[in-house]
Amino acid sequence: MKAFFSTLYPWLSLLVRRRAAFMVGSLLVLATLLSGLSLLGLSGWFITACALAGLLLAAGQPSTLDIYVPGGGIRFFALARTVARYVERLYNHNMVLTLLADLRYQVFGYLTRLDAASLGRRRASDWLTRLTADIDTLDNLYLRLLIPPLVALVATLLIALFIAIWLPGLALLVAGVLVALWAVLTLGFTAWGFRQSGQQVRDQGTLRNLVLDQLQASAELSSYGTARWHQAKIDALETRSSSNQRRLAFKGAMGNALILLVCGLLLIMALRVGGEALATGRIDAPIVVMILLVVLGSSEILAPLPGAFLKFGASFQSVLRLDRLASSVPVETATNTPLPAGQGGYDVLLENAGYRYPGMLERTLEQVSLKIGAGDRVAVTGISGAGKSTLANLLLGRLIPTQGRVEVAGRMPCDVAFDQRASHFAFLSQQVDLFDGTLADNLRLADPSADDAKLWRALDQVALADWAERQPRGLSTPVGEKGRRLSGGQARRVALARLFLRGPRLVLLDEPFAGVDAETARHLAKSLDRWLQGRTAVYFIHQVDDVSLLPGLTYSYSLDRGRLTAIGSDHAR
Amino acid sequence: MRGDTSNPASTTPRQFLDELARTQRKRLAGAAACGVLAGASTTALLVGLAWLVDQLIVQGQSLRSLSGVFSLLVVLVVLRACMQWGQETLGIEASLRIRQRVRRRLLEQLAALGPLWLTRHQSGALATQVVEHVDALEGYFARFHPQLRIVVVLPLLIACVVGALDYVVVIFLLLAAPLIPFFMALVGMGAERLNREQFGAISRLSAHFVDRVRGMSTLQLFGQTEQARRDVWYATDEYRRLSMKTLRLAFLSSAVLEFFASVAIAVVAMYVGFGLLGYIDYGPASSLTLFSGLAVLLLAPEFFQPLRTLSQHYHDRAAALGAAESLVYLLDQPRKAAGPANTPGTGALFELVDVEIGHDDESVLREVSLVLESGDVVALTGASGSGKSSLLALLAGFMAPRGGECRRCPHVQMAWLDQSPCLLQGSLADNLALADPEAGPEAMREALNQAGLGELLETLPQGLETPLGERGVGLSGGQAQRLALARIYLSAAPLVLLDEPTANLDAETEAFVVEALGRWASAGRTLVIATHHPHVRSIASRHWHCAHQRLEEIAP
């Protein structure tokens, strides 16, 4: 229970951080509810008073009923309810969207500090998509779990106070019953549905994984003839999950029925109490009717609670996931060691360095020792999975070695501050990320202040200038989501052009010539050769097909199953 | 099934939803009936309440003499609660069954579309369709559909009761009635537009967020994370600004309904009040009593209530239509996997006669005629894109020939291995069971031993039950390939199809795979191996080469 609140607390306080807005939003909801109740109550008072006055008039007696004030009140509340509802919805939706921006900003902040191991996880994009949904869930808490119970409680107390003016006994009864019902619907229903609604979210995740399995292992399942076996697994989950959902839905229906039942019985009780008071002459008839109609309308106050609170467990799962993300962000380890100033490439030293990803059985890198002089160029060959990107990420400080030592310019790269690393190290990764924007947007990522001429020069260096000139929108050509409007080879060249816009002193290039024809490869090699003067460079490549593409190579190594062996400098120099 | 109708384009999302609703006709009708009965109970309860008030105040009756009516009201309250419960549970039950049915159909369709179709589609997006989009149908069937029936019956019922009490009020309500479809359309259009625009904007915004998050490594490398973080805030805020414009209009339409319900109370209250005071001397106003006056006052908002409920659930409809569109698209995809085939001559596993293979409009291989005998070990070579994988897919039954005939020996068990072995979410045992669900732990252990994973197994405290994948341990590429080999050892399938089994492997694993191939060959299994590897070719007894859209057998 304590853990529950301590997990929830920071997120909830983030939601109500804009305190004034939260209060205004709640007050608007309250105003809507109270206008509705007042409209109903006043109307009841008015017609009862009219009926009694009518009887007096019919009997020839004078009546002093003022019909203008209540009439005006009725019109006012009719309008007020409509307007308050409209304004409330607008105001609170505006608030929810503002919170969405806040939440995304917050979560994005956590993500920016994740290391390469977390970002490169299997099914990572799936995980990220779910994260987006979790933020939306948390955002929804505001309108479902924060405002309604608060408003319901305040409205209940106001109703009771109002009734207490005439019938304190009834007021106590109404307050007692409605507050108890409120507690059952909020606290009780949270506990009652917590496990099942949490289970529902987990079932959905399991189902998603099983479906992904069916899709990704479809060749195996179909050829081994085990598709039915897998289908049976999904069916079993579906059956279990359906009965869980059914139980949860029954509880939700119980909640709504409970409100109708309790409020209905309360209404009948109020009628009895009112009737008794009337018989003793303690109260005027119009007041009794007004109280009755207010009690009648009170069920509307509680209506949104059961559905929302039954699903608290599901929302809590989202909160837990976001919390896990927040706590998985590595504590700031960088001691902000500065890199040496000046010009020229950095020297690199690895001594028995090794790395094991969390959860992996084997080390991905084992006892790697490597020395690269300042300004040297080396090549590391190896098949995919041999550990090339792990080695690159160790050099970039994006992974911390689990054994041994990694040094760039005499410093542990992971100790160097983020912005220092960003400006002095550069990495053309195997999987290039282009963002949904224009060609220029993607290039300016590397140098926000670059003018068009500089961008064109960079494009020329990667043999894309001609192509870009042929595009009707030139530098403003959209590249599409994940750069899908470009071919794989073009996307990689755009990524390479981004490097050319920077002035790093250590450059790591993973398959710089992948996906381009021989002529383009030669063009790229020439540009690279020129640009790499005075920088330290490591090429990571599958295999060296054409040594002429790697001019100035001082040494080459081969990486196999995480072990680095020197091939020598036979094809270099 | 929609998937194999001859004219798939004929299904619209609405037809699809109607068709699904028909499968749960009884429950949905039951839910609507319960809703109408709950509304009827409410009506009776309110009329009873008005009558009691009149008896107590105007007629001066004592509480004691009215206790029978009080009991009746208690019964009505209980009845109303039960009916409300019934409406919800029946609706949910129908929705659950419909969703289960749709999901099963989708999974069947995906299985029938086969591995080749799947490789050309994003599995993440497809999984979203199977999981989230199917769940998006929930509200439509559980709430909107029954409410659509209720909205037709209940207001009429209430109008009749009101009419019996005072026909002027019912005229007022009925005058508002023609406006209701008009405003409903307005609400509908508002909601639909809201949904379309919001949905579009929110998905663009989510795409923006996911796009930045996905490229986080790149942002980190360029030191642009703070800038991107601010971009995320501004983009979301810009979205807020834009969507508030839409919302201002969209909320108006529901405000109109709200307005009607409020005005109904106000107008009826004024009419009844003045009537009771005797200020109105035409129509039935002179015969108004506190009973009839209070009853029509209470019933006036109830007349609009079903419609208000419907408009609250309108987004369920829009969400369901959106989901239905994507589901219908998937269910309407033509199935291309192979159907039943003729049997080849004796001893042969496959006999291809003048077969043409291709994707869409492009043929990859033509005039392929060959016989694959049991025990053959075939090396299949050719440049990438020359049709090796397509031929394997044809043999595996993942695709049907575009022309000619592919005769296959029925019920031949097959094993499959490609360059990216699939790991299931689950234990080591689950991953092996994929090849043979019946296999016991001993057989699994033996298979792992043969695949060279015996040592690894000993180091795992949970043994075969060790979870793999996201929540469990990770395997390196070489280990994953060995696990795939263990599947083949376990399955004992006489026919093994392998697509580049040695690609992307470290030297040690590669040698191990080649050795395994030799062992299977000498155990008499039939192997067809698409490969570049010279060692693999040396094991083979036959050699097929693909080039220029032809398949040629090269003598050993």
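**An antiparallel sheet and a nonpolar surface patch**

In this predicted model, three strands of chain A are arranged as an open sheet in the order β2-β1-β4, and their pairing is antiparallel. The edges of the sheet are occupied by β2 (365-372) and β4 (403-408) of chain A, each of which has a single partner strand, so that one side of each remains without a neighbour in the sheet. From one strand to the next, the twist averages 15 degrees.

The pairing between strand β1 (residues 348-355) of chain A and β2(A) runs in the antiparallel sense and extends over five bridges. Within this pairing, Tyr355(A) has Leu365(A), a residue of β2(A), as its bridge partner. Helix α13 (residues 388-395) of chain A packs on the sheet and touches β1, β2 and β4 of chain A, while the direction of helix α13 makes about 125 degrees with that of β1(A).

A separate feature concerns the surface of the model. Here Leu79(A), Val83(A) and Val87(A), together with Phe259(B), make a nonpolar surface patch of about 320 Å², to which residues of both chain A and chain B thus belong. The element that gives the most to this nonpolar patch is helix α3 (residues 68-112) of chain A, which supplies three residues. One of the patch residues, Val83(A), is found in helix α3 of chain A, and Val83(A) counts as partly exposed because its relative accessibility is 44%, a value that lies between the limits of 20% for buried and 50% for exposed residues.

Note on methods
Residues are numbered from 1 along each chain as its sequence is written. Chains are lettered from A and ligands numbered from 1 in the order in which they are written. This is a predicted model: local features need pLDDT of at least 70, side-chain atom pairs count only at pLDDT 80 or more; totals for chains, interfaces and linings use all residues. Side-chain values use heavy atoms; hydrogens and water are left out. Patches are made of residues with over 30% relative accessible area and no salt bridge: like charges are joined within 9 Å, nonpolar side chains (Val, Leu, Ile, Met, Phe, Trp, Tyr) within 5 Å. Accessible areas come from the Shrake-Rupley method with a 1.4 Å probe; for residues, only the protein chains shown count as cover. A salt bridge is a side-chain nitrogen of Lys or Arg within 4 Å of a carboxyl oxygen of Asp or Glu. Helices (H or I, at least four residues) and strands (E, at least two) are DSSP runs, numbered from the N terminus. Buried means under 20% relative accessible area, exposed over 50%, partly exposed in between (1.4 Å probe, protein chains only). Two strands pair if DSSP finds at least two bridges between them. Axes are lines fitted to C-alpha atoms, for helices over the stretch in contact, and angles run from 0 to 180 degrees between N-to-C directions. Contact means heavy atoms within 4.5 Å.
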